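Got the viewer open? Here is a tour, stop by stop, with something to select at each one.

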Amino acid sequence: MIQTSQTQTRSIEMRVLTDDQVWEIRQAAFEVIEKSGFKCLHAGARRMLAGAGAIVKDERVKIPRYIVEGCLATVPKGWTIYDRCGRRAMEVEGRKSHYSTSTASPNTKDALTGEYHETRVEDIAIGAKVADALPNIDFVMPMGSSQDVNGAVADLYEFEAVVTNTSKPMVFIGYTPLGCDYVFEMAAVVAGGADRLRERPFVLLYPEAISPFVFPQEVVDRIFIAADRTMPQVPGATAQPGATSPMTLAGTVVQITAESLIHIVLAQLRNPGCPVSMSGNVGILDMATALMAFGAPEGSLGLAAQAQVAQSFGLPTWGLAGATDAKRLDAQAGIESTFAIFSQALAGLNLIHDVGYMASGMACSCEQLVMGNEIIGMTKRFVEGITVNADTLARDVIDAVGPGGNFLAQRHTVAHLRKELWQARLLNRQPIATWQAAGQPTMEDRVRDEVRKIVETHQPEPLAGNILEEVQRLKREGEKEILARMEKG
């Protein structure tokens, strides 16, 4: 029964596992960590684990369940992420979904010409600028992996390109441990100091172990760097069913859960209380092409299941949606990106990245990003559900209009119009004659026009001159130190 003072809203959601299935996966993950273990290529981490009670033999480490559960007791069950100006931006908890750009591709579909070419720092700057203008893109990753600078220092250039073109939060990979250190130093300058950055984090690190169950020295170093600074980190190992994980999705979810728990243990033993999500990627390998099938439904199904397991621990989750295997903005691009965005939103994944991937993840595209923004808007409205209260039930309005009337002139209609109905920005709802008179533009045409408009007119919130100068100084200093260390070997 609804009382006159009550409002009831139920968001739309999807669960792919039963409680018993979640329990079985959890049990299997704990057993894998305790009996099979993982390969740890970091000597310091092995000593730390042994000191905590893990079984260490050469590079193989097995972690008893009590250690894992102790670390689960200290890891935060959600975080608040801010923008670079210190404003609250994302609550990463529960079933709240936030969306991001694609990242780390060697190629870019040019924002203005539509041609494919190797990714440049300039492309990453443009991608960040476009993302900054899109209301449904909540955080930003560097859109590509720069091929026009030395790969060992590309993260320094990419951080500068992103942070100067958007005020939104960002997730970065970090190509070397020292590069991670310098990115965090630059972020601290932007935030107003290391303490301020820790209190109001706007950057998250994305360390990627190697599936199945290999944690290289440099990956562990990155885990420790984020942990030492109490900065949020997102485990990002990619499990490919039939290749780097079991062919069954249940087995793949067990593996991702176990790899995430190992990551959490490493971070919590290093610094109890540092924020870490329970996450990974499900990469569907197309056996015919040997490429990742980003549009495969099994990818979203596996991520939805893994997220449900993570939610049972109360931990933040990671998704991958808005990507396509198509090479241009066609029906395939729309089908694949919509399916993943919609299904993962229903599953309540928290941080959903890779909106903008094309060509099986081999290219980032601002066109795909802009279309994804439209799809996310539709999805958010659907997931929001229906509010039921005395006002929305509209008894008095129905009575006032009466049989045969209409509701166009009612104040109730004006009051609720914009909230109830999602407003399309790019979808064509014009009459046929109007569309024909405009030259019969396709979705691809409208998206290209929108991208060009953003690139030519959008003005991101600028960094103060002294802050930008210090960021650039640290970039130069970091580049010099990293390259010098590489030269020494």
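Before the first selection, one cut-off to keep in mind: a residue is called buried under 20% relative accessible area, exposed over 50%, and partly exposed in between. Also bear in mind that what you are looking at is a predicted model.

**Stop 1: some charged pairs**

Start by selecting Glu-13 and Arg-15. Their side chains meet in a salt bridge, 3.0 Å from N to O. Is Glu-13 buried, exposed or partly exposed? Its relative accessibility is 34%, which falls between the two cut-offs, so Glu-13 counts as partly exposed.

Next, go to Asp-83 and Arg-87. This is another salt bridge, with an N to O distance of 2.7 Å. Check the two partners one at a time: Arg-87 has a relative accessible area of 38%, so it is partly exposed. Asp-83 comes out at 9%, so it counts as buried.

Now pick Glu-185 and Arg-229. The closest N and O atoms of this salt bridge are 3.1 Å apart. Here the bridge ties together distant parts of the chain, 44 residues apart: Glu-185 belongs to helix α6, while Arg-229 sits in the loop between α8 (217-228) and β13 (238-239). Glu-185 is partly exposed, at 36%.

For a bigger group, select Lys-109, Arg-328, Glu-367, Glu-444 and Arg-448 together. Salt bridges with shared partners join these five into one network. Across the whole structure there are 28 salt bridges.

**Stop 2: the nonpolar cores**

Time to look inside. Select Val-130, Phe-159, Phe-202 and Val-203. They belong to the largest nonpolar core, which has 82 residues, and these four touch the most other members. Which helix gives this core its largest share? Colour residues 177-191 to see: that is helix α6, which supplies ten residues.

Stay on Phe-159 for a moment and show what surrounds it. Beyond its neighbours within four places in sequence, Phe-159 is in contact with Met-170, Val-183, Met-186, Ala-187, Phe-202 and Val-203. Apart from this core lies another one, of 44 residues; Ala-45, Phe-215, Ile-264 and Ala-310 are among them.

**Stop 3: a residue with partners far along the chain**

Select Val-32, in helix α1 (residues 19-36). With 22% relative accessibility, Val-32 counts as partly exposed. What does Val-32 contact, leaving aside its neighbours within four places in sequence? Show Gly-37, Phe-213, Val-254 and Ala-258 to find the partners. Ala-258 is worth a distance label: its C-alpha atom is 6.9 Å from that of Val-32, although the two are 226 residues apart along the chain.

**Stop 4: helices that cross**

Colour helix α11 (residues 331-346) and helix α12 (residues 366-384). Their axes come within 9 Å and cross at roughly 40°. That angle makes α11 oblique to α12. The crossing is right-handed. To see the contact itself, show side chains on both helices: the α11 side includes Ala-333, Ser-337, Ile-341 and Phe-342, and the α12 side includes Met-371, Ile-375, Thr-379 and Phe-382.

Keep α12 on screen and add helix α17 (residues 443-457). This pair packs at an angle of about 100°, with the axes 9 Å apart. The two helices are therefore roughly perpendicular to each other. On α12, the contact is made by Cys-366, Glu-367, Val-370 and Met-371; on α17, by Met-443, Glu-444, Val-447, Arg-448, Glu-450 and Val-451. Glu-367, Glu-444 and Arg-448 may ring a bell, since you selected them for the salt-bridge network.

**Stop 5: backbone details**

Finish with the backbone. Zoom in on Ser-211 and Pro-212, which are joined by a cis peptide bond with omega about 0°. Pro-212 lies in the loop between β11 (203-205) and β12 (214-215).

Then move to Thr-230. Thr-230 is not a glycine, yet it has a positive phi of about 55°. You will find Thr-230 in the loop between α8 and β13. It is partly exposed, with a relative accessible area of 25%.

Last selection: Asp-354, in strand β18 (residues 351-355). Asp-354 has a positive phi too, about 80°, and is not a glycine. Is Asp-354 buried or exposed? Its relative accessible area is 2%, so Asp-354 is buried.

How values were computed
Residues are numbered from 1 along each chain as its sequence is written. This is a predicted model: local features need pLDDT of at least 70, side-chain atom pairs count only at pLDDT 80 or more; totals for chains, interfaces and linings use all residues. Side-chain values use heavy atoms; hydrogens and water are left out. A nonpolar core is a set of buried Ala, Val, Leu, Ile, Met, Phe, Trp, Tyr and Cys residues joined through side-chain atoms within 4.5 Å. Buried means under 20% relative accessible area, exposed over 50%, partly exposed in between (1.4 Å probe, protein chains only). Helices (H or I, at least four residues) and strands (E, at least two) are DSSP runs, numbered from the N terminus. Contact means heavy atoms within 4.5 Å. A salt bridge is a side-chain nitrogen of Lys or Arg within 4 Å of a carboxyl oxygen of Asp or Glu. Axes are lines fitted to C-alpha atoms, for helices over the stretch in contact, and angles run from 0 to 180 degrees between N-to-C directions. Angles under 35 degrees count as roughly parallel, over 145 as roughly antiparallel, 65 to 115 as roughly perpendicular and the rest as oblique. A crossing is left-handed if the near helix is turned anticlockwise from the far one by less than a right angle, and right-handed if clockwise.
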